[in-house]
Structure formats: structure tokens, C-alpha cells
Amino acid sequence: MIAIGQRAAGDDGVGPAVLDALRAQGAGEGVDLCEVDEPSALLPLLEGAHRVILVDAALGGGGGAGTVHVLAEETLDARDIAPISTHGLTVGQVLGLARALAPDKVCRDISIVAISVERPACLAYGLSPEALAAVPRATEAVRNLVAGAS
């Protein structure tokens, strides 16, 4: 499982908050937990893995702030979900780039757990009440994906 987000950027830190919950409660046997600040840092982590679960904050997707969406990679760009990125590349763009650079090495089984958040007004530490309330639901979504892969 790879959490994407910046802890000092308000709700963009919801992915790392899910990672913290999984570290505290256990993610399941054989699950590696990783954290990256932004999507382009995913590139080296996508090669050679059997399965990848990405957890990230997103704008839109319906349901309002705090809604947890579980997406297959192939549906990511078709959904009305936009990642929060301060670095220009989206998760979908990075996955496409990884497949173009190393088509035979990139994991074929990638799922995304996206947590809808409001657009951040400024950099801030800590999560909004909606994002904080979504952490247990997103953590459970990751556990369900892990269990389904067994």
C-alpha cells in the first residue's frame, strides 16, 4: 500500500493518515506500507510488485468531502475525480508514464482508494473533520482490497 500526500498540506495528508492507521492496527500479512509526497515518486515503487493499492486525497467524485471511493486503475481517468497535486502530474498520468517507460515491469493489479476532500485554501497541519472521519473507512477499504487479493 502506498499513501500519497503531504502531511503539512491539510487534507492532502489523508493518505498518510490512513497509512498511520494501518501501521497502528495492522495492514495484513505481507503488506508493505510506503509513503510518497507526490505522484511522480510512485515510479520506482510500481515495478515488480504483485499488487499495488494507492491511497490519496481527491477532489470531486460525488458524495461530498469524506467520501471514500475504491477505483480500479482503468476507471481512474473516466471518473469525475481530480487529485490534489502541487507538482503537476496526476496519479493517472504517472501510471500511464510508468506503463510507457516499463510496460513489462509495472504492476498489472493497481487499485486506488481516493478520499474526497474540499479544495485546500492554504497549507495547514491536520485534517478537516470530514477527512479525519474518512480515515477508518479508507483503512477498512484497504483491508478489504488486501483480503480480496488473498
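Hi everyone, let's start right inside the protein, at V142. Setting aside its neighbours within four places in sequence, V142 is in contact with M1, V18, L22, I53, V55 and V113. Before I go on, please keep in mind that this is a predicted model.

So what surrounds those contacts? V142 is one of the residues with the most contacts inside the largest nonpolar core, which has 24 residues. M1, V18, I53, V55, V113 and I115 are the others named in that group. If you are looking for the elements behind this core, those that give two or more residues are α1 (14-25), β3 (52-60), β6 (110-116) and α3 (129-149). Which of them gives the largest share? That is α3, with eight residues.

There is also a second, separate core, and this one has 20 residues. Among them are L46, V52, A98 and A102.

Now let's visit helix α2, which covers residues 91-101, and pick out L95 there. Is L95 buried or exposed? It is buried: its relative accessible area is 3%, and the cut-off for buried is under 20%. Not counting residues up to four places away in sequence, L95 touches L46, L54, E73, L76 and I110. Here is a nice example of the chain folding back: L95 and L43 are 52 residues apart in sequence, yet their C-alpha atoms are 7.8 Å apart in space.

One of the residues that L95 touches, E73, leads us to the charged pairs. E73 forms a salt bridge with R99, and the closest N and O atoms are 2.6 Å apart. This pair links distant parts of the chain, with E73 in the loop between β4 (68-72) and β5 and R99 in helix α2, 26 residues apart. Both E73 and R99 are buried.

How many salt bridges are there in the model? The count comes to five. Let me show you two more of them, and both involve R7.

In one, D20 pairs with R7, with 2.8 Å between the closest N and O atoms. D20 sits in helix α1 and R7 in the loop between β1 (2-4) and α1, so the pair ties together parts that are 13 residues apart in sequence. D20 is partly exposed, at 34% relative accessibility, and R7 is partly exposed too, at 37%.

In the other, the side chains of E35 and R7 meet, with an N to O distance of 2.9 Å. This pair also links distant parts of the chain: E35 is in strand β2, R7 in the loop between β1 and α1, and they are 28 residues apart. Put those together, and salt bridges that share partners join R7, D20 and E35 into one network.

Let's stay with E35 for a moment. Strand β2, its home, runs over residues 34-36, and E35 is partly exposed, with a relative accessible area of 31%. Leaving aside neighbours within four places in sequence, E35 is in contact with A3, G5, R7, P16 and L19. For E35 and L19, the C-alpha atoms are separated by 7.6 Å, with their positions 16 residues apart along the chain.

Finally, a look at the surface. L89, L97 and L101 form a nonpolar patch there, with about 260 Å² of accessible area together. L89 lies in the loop between β5 (81-83) and α2, and L89 is partly exposed, with a relative accessible area of 32%.

That's my tour, thanks for listening!

Methods:
Residues numbered from 1 in each chain as written. Predicted model: local features only at pLDDT ≥ 70, side-chain atom pairs only at ≥ 80, totals over all residues. Heavy atoms only, no water. Helix = DSSP H or I, 4+ residues; strand = E, 2+ residues; numbered from the N terminus. Buried < 20%, exposed > 50% of the residue type's maximum accessible area, 1.4 Å probe, protein only. Contact = heavy atoms within 4.5 Å. Core = buried A, V, L, I, M, F, W, Y, C linked by side-chain atoms within 4.5 Å. Patch = residues over 30% accessible without salt bridge, like charges linked within 9 Å, V, L, I, M, F, W, Y side chains within 5 Å. Areas by Shrake-Rupley, 256 points an atom, 1.4 Å probe, with all protein chains shown as cover. Salt bridge = Lys/Arg side-chain N within 4 Å of Asp/Glu carboxyl O.
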